[in-house]
Amino acid sequence: YNAERTEDNRVQRDVPEAIAPWEADLPRDRLGLAKWLTQPNHPLTARVAVNRLWQMCFGTGLVASIDNFGAQGSLPTHPELLDNLSVSYIQSGWDTKAMLRRIVLSATYRQDSSTTPDKWKSDPNNELFSRGPARRLDAEMIRDTALSTSGLLVRKQGGAPAYPYQPNGLWKEVNGGTYRQGKGESLYRRSLYTVWKRAVPMPNMMAFDTPTREACTASRQATNTPLQALVLLNDVQYVEASRALAQHVMKQVQGDEARIALGFRTLTGRDPKKTEAQRLLDLLNNQRQLFIDDDQDAKALLAMGEATRDENLDAIEHAAMSVVMHAIFNLDATIWRR
């Protein structure tokens, strides 16, 4: 079929008028499309955006099919709430930080994640949000939590990509390239700024289900594997962060119990239970004795990472407290949102 191309049968740029009409003053280009998508009377854009923010906080959206708002998608469990949040999102000037703040300060989000048998029976999937969310943090959140609680996080916004710690030779094995590890603040920038090579993603993030970015991913998996524990226990970024946090608590308070309690609150947001505190104290005493027997192990632990340490602190005590802080960081109470 070789019909002659004419202005009459050529497919023109347009949008589904059933969603929202195209204003006459909008240019027929990408700028016009962006303005059409974000005009206040557009019924989808704000709802889709708010639904994804809700899913980020709760693990599931008000519309479960976050990648499909069409006829084959799920109906919203709370349509009026979705409408209210969407309108306020638009009226705020699409202020994402304000919307996230509103969600996390809500009574719904601040509920305990535990439940009762009756609530579990009536709402097994938590579609009514009768309890708080319980899910593992995303890869970037886990790394940023380690950096933030340890005081190492660089909060500078914008700038060049960061090159944090990565196993030696990984780029060379895949494509012959050379990874030049950063220095100074480049090691401690937010994970948002980490350089990303799709053929060689950061392994310490891939272990926590971060996508490769080869395709758009609307929703991530949240698995729980032994490999994740290996990363948290051995990756230099987390060992160094634990060392820095141990240094902080040792300089802030005196006494083993007080230091353990401060570190636990810093990482988990709550005080340790008696059994937790006792086990951590036992771990501290055990590690202290091991490092007394072999102080070279203590020196090797304290040498991990490029962050400088306070040499006025006793090396044995610092190393032992670092192990305890590292153990707390590996708890579900730290890397899970409950």
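Which residues line the largest cavity? Keep that one in mind while we go through the model, which is a predicted one.

1. **The chain as a whole.** Let's start with the overview. The protein chain has 338 residues, and 41% of them count as buried. Its secondary structure comes to 15 helices and 2 strands. If you box in the C-alpha atoms along the principal axes, you get roughly 85 × 60 × 35 Å. The chain exposes about 19,700 Å², with carbon and sulfur atoms supplying 52% of that.

2. **Contacts across the sequence.** Take the contacts in the protein chain with a separation of 6 or more: 60% of them come from residues 24 or more positions apart.

3. **The cavity.** Back to the opening question. The residues lining the largest cavity are A146, T149, S150, Y238, A241, S242, L245, L267, M325 and F329. The cavity has a volume of about 60 Å³, and the count of cavities of 30 Å³ or more comes to 1. Helices α6, α10 and α14 each give the lining at least two residues, and α10 has the largest share, with 4 residues. By class, this lining splits into 7 nonpolar, 3 polar and no charged residues.

4. **The pocket.** Now for the open space. The largest pocket has a volume of about 1,600 Å³. It is lined by 46 residues, and the closest to its centre are M56, L137, D138, M141 and R337. The elements giving two or more residues to this lining are α2 (45-58), α4 (96-104), α6 (139-150), α11 (256-268), α15 (332-335) and β2 (336-337). Of these, α2 gives the most, with 6 residues. Unlike the cavity lining, which has no charged residues, the pocket lining has 15 charged ones, along with 18 nonpolar and 13 polar.

5. **The main nonpolar core.** The largest nonpolar core has 43 residues, and those with the most contacts inside it are I142, M321, V324 and M325. You have met M325 already, as part of the cavity lining. At least two core residues come from each of α6, α9, α10 (236-252), α11, α12 (274-293), α13 (295-302) and α14 (315-329). The biggest contributor is α14, with 8 residues.

6. **A second core.** There is also a separate core of 16 residues, and V50, L82, I90 and I103 are among them.

7. **A look at I142.** What does I142 touch, once its neighbours within four places in sequence are left aside? Its contacts are R136, L137, F208, L232, Y238, F329 and I335. Some of these names should ring a bell: L137 is one of the residues closest to the pocket centre, while Y238 and F329 help line the cavity.

8. **A look at L44.** Is L44 buried, exposed or partly exposed? L44 counts as partly exposed because its relative accessibility is 28%. You'll find L44 in the loop between α1 (30-38) and α2. Not counting residues up to four places away in sequence, L44 touches I19 and F69. From L44 to P117 is 73 residues in sequence and 37 Å in space, C-alpha to C-alpha.

9. **A look at T225.** This one also sits in a loop: T225 lies between α8 (203-206) and α9 (226-234). Its relative accessibility is 30%, so T225 counts as partly exposed. Try finding G61 from there: the two are 164 residues apart in sequence and 25 Å apart in space, C-alpha to C-alpha.

Technical notes: Residues are numbered from 1 along each chain as its sequence is written. This is a predicted model: local features need pLDDT of at least 70, side-chain atom pairs count only at pLDDT 80 or more; totals for chains, interfaces and linings use all residues. Side-chain values use heavy atoms; hydrogens and water are left out. Buried means under 20% relative accessible area, exposed over 50%, partly exposed in between (1.4 Å probe, protein chains only). On a 1 Å grid over the protein atoms alone, a cavity is a set of points where a 1.4 Å probe fits but cannot get out, and a pocket is an open set with protein on both sides within 12 Å along at least five of seven lines; lining residues have an atom within 4 Å of a point. Grid points are joined across faces, edges and corners, and a volume is the space filled by probe spheres set on the points. Ala, Val, Leu, Ile, Met, Phe, Trp, Tyr, Cys and Pro count as nonpolar, Asp, Glu, Lys and Arg as charged, and the others, Gly among them, as polar. A nonpolar core is a set of buried Ala, Val, Leu, Ile, Met, Phe, Trp, Tyr and Cys residues joined through side-chain atoms within 4.5 Å. Contact means heavy atoms within 4.5 Å. Accessible areas come from the Shrake-Rupley method with a 1.4 Å probe; for residues, only the protein chains shown count as cover.
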